[in-house]
Amino acid sequence: MRRFKNILVTGGAGFIGSNFIRHAFERTDFDGRIVNFDALTYAGNPRSLSDIEAKFGPRYRLLHADIRDASAVREAMERFEIDAVVHFAAESHVDRSIVAPDDFVQTNIVGTFNLLQAARERGGALALFHHVSTDEVFGSLGPTGFFTETTPYAPHSPYSASKASSDHLVRAFHDTYGLPTTITNCSNNYGPYQFPEKLIPLMILNALEGRPLPVYGAGLNVRDWLHVEDHCEAIWTVITRAESGSTWCVGGRNERTNADVVRTICEIVDRMAPPLQSGAPRASLVTHVADRPGHDLRYAIDCSKIENAFGWTQSYTAENGFDQTVRWYLDNHAWVDSVRTGAYRDWIEKNYAAR
Ligand code: NAD
Ligand code: TYD
């Protein structure tokens, strides 16, 4: 088992990164320090970790900094004597990558390169560089079959192409320079603290507010939904136990069409929240809109490698995971309102501008 003293988590103010930091402090035996290196883009919300900051004070530190800045990356690694990097920071939304791919290249490719270079300069002091990647690097499946660790790369969107590039750089640094690395490629995550540009939180909040629920095309694209806490446990398992140079696919064993996901969310919101003023069921808000260009038909992961090697498995089923997530968005008004109104940006300016 690897043990770490000082972990640099990049993108820890985002959805999965913030869940990972919470997981490390509250659900593992980790007793070191985490430095959260985050540029606080529109997707970064340090409020997601206010409770962790209050509880774990000196062992948790937010550094407002950008992975596109090579010297900031190098300085942080040296100053905080980093012995592990868990790299989440990325531009992560496919739709944005279609409209404005530039930041995806700069952050996801150049930013990852900067981190790898700085990690390499740490020499033997660096125990592990872990890259959090996506199953979208493998492209699209037809109606059958699964992605595995040996599926060839065939990305289609600027987002997935940028993540594929960064995966290749991570492997190249392992093979060429002997940098200790691991990679996880996971399916679509859902759960608490997800920014409402992604399908599930967008549908939950729009359904609550009685707004239209935009489903791309016929809604027949399939995604394999993984609860974020199960993903974080898989990452923790890999960083502490997997051998350097290895890659792991992590999935939810929970394939659904988008239409089915949206229908299920509507039913849960109808059950948990007061009815719409019109009295109509939320499913009546579904609006089919123009399809996404290059929309991958189906993603599905065979995660038997991580299950067999480490006994990792999903703790959430689709039913209790979706229920728990809707309940979380209903119960966490302060977080939801700050994100919905954009007030979290003012809060960042006040609390973090000077750091
Ligand atoms: P997110 O968009 O919620 O968060 C990204 C975080 O990175 C934000 O806090 C943002 O401020 C930060 N960031 C962006 N650019 C930065 C930069 N230049 N320097 C420093 N920080 C920067 O993303 P997420 O959904 O939490 O995804 C995290 C990682 O997991 C990403 O690498 C993504 O590709 C991968 N992933 C996500 C999913 C998913 O379903 N969300 C699935 C598979 C893989
Ligand atoms: P998304 O959450 O953006 O994740 P990804 O594109 O990385 O899979 O989208 C999930 C699926 O939902 C995808 O097939 C696109 C679809 N989708 C909609 O139909 N409507 C929406 O408003 C959004 C955001 C996504």
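Reader: How many residues surround ligand 1, and what makes a residue count as near the ligand?

Author: Ligand 1 is surrounded by 30 residues, the closest being Ile16, Asp38, Ser92, Tyr159 and Lys163. Each of these is counted because at least one of its heavy atoms lies within 4 Å of the ligand. This is a predicted model, in which local features need pLDDT of at least 70 and side-chain atom pairs pLDDT 80 or more, while totals for chains, interfaces and linings use all residues. Residues are numbered from 1 along each chain as written, chains are lettered from A and ligands numbered from 1 in written order, and side-chain values use heavy atoms, without hydrogens and water.

Reader: What makes the pair between ligand 1 and serine 92 a polar contact?

Author: An oxygen atom of ligand 1 and an N or O atom in the side chain of serine 92 are 2.6 Å apart. A polar contact is a pair of N or O atoms within 3.5 Å, so this pair qualifies. The side chain of aspartate 66 places an N or O atom 2.8 Å from a nitrogen atom of ligand 1, and a polar backbone atom of isoleucine 16 is 2.7 Å from an oxygen atom of the ligand. On its own, ligand 1 has 840 Å² of accessible area (Shrake-Rupley, 1.4 Å probe), and the protein covers 97% of this.

Reader: Which elements give two or more residues to the shell around ligand 1?

Author: They are helix 1, strand 5 and helix 6 (158-177); strand 5 gives the most, with three residues. Helices (H or I, at least four residues) and strands (E, at least two) are DSSP runs, numbered from the N terminus.

Reader: What polar contacts does ligand 2 make with glutamate 136 and arginine 223?

Author: An oxygen atom of ligand 2 lies 2.5 Å from a polar side-chain atom of glutamate 136. For arginine 223, an N or O atom of the side chain is 2.9 Å from an oxygen atom of the ligand. The protein covers 96% of the 510 Å² of accessible area that ligand 2 has on its own. Helix 7 (199-209) and strand 8 (213-216) each give two or more residues to the shell of ligand 2.

Reader: How do you know that strand 5 and strand 6 are paired?

Author: Six bridges join strand 5 (residues 128-134) to strand 6 (residues 181-186), and the two run parallel. Pairing requires at least two bridges found by DSSP, so the two strands pair. In one of these bridges, phenylalanine 129 has threonine 181 of strand 6 as its partner.

Reader: Why are strand 3 and strand 11 called edge strands?

Author: The open sheet has seven strands in the order 3-2-1-4-5-6-11, with parallel pairing. Strand 3 (60-64) and strand 11 (246-250) each pair on one side only, and they are the edge strands.

How values were computed. A polar contact is a pair of N or O atoms within 3.5 Å; within protein, one must be able to donate a hydrogen and the other to accept it, and residues adjacent in sequence count only if both atoms are side-chain atoms.
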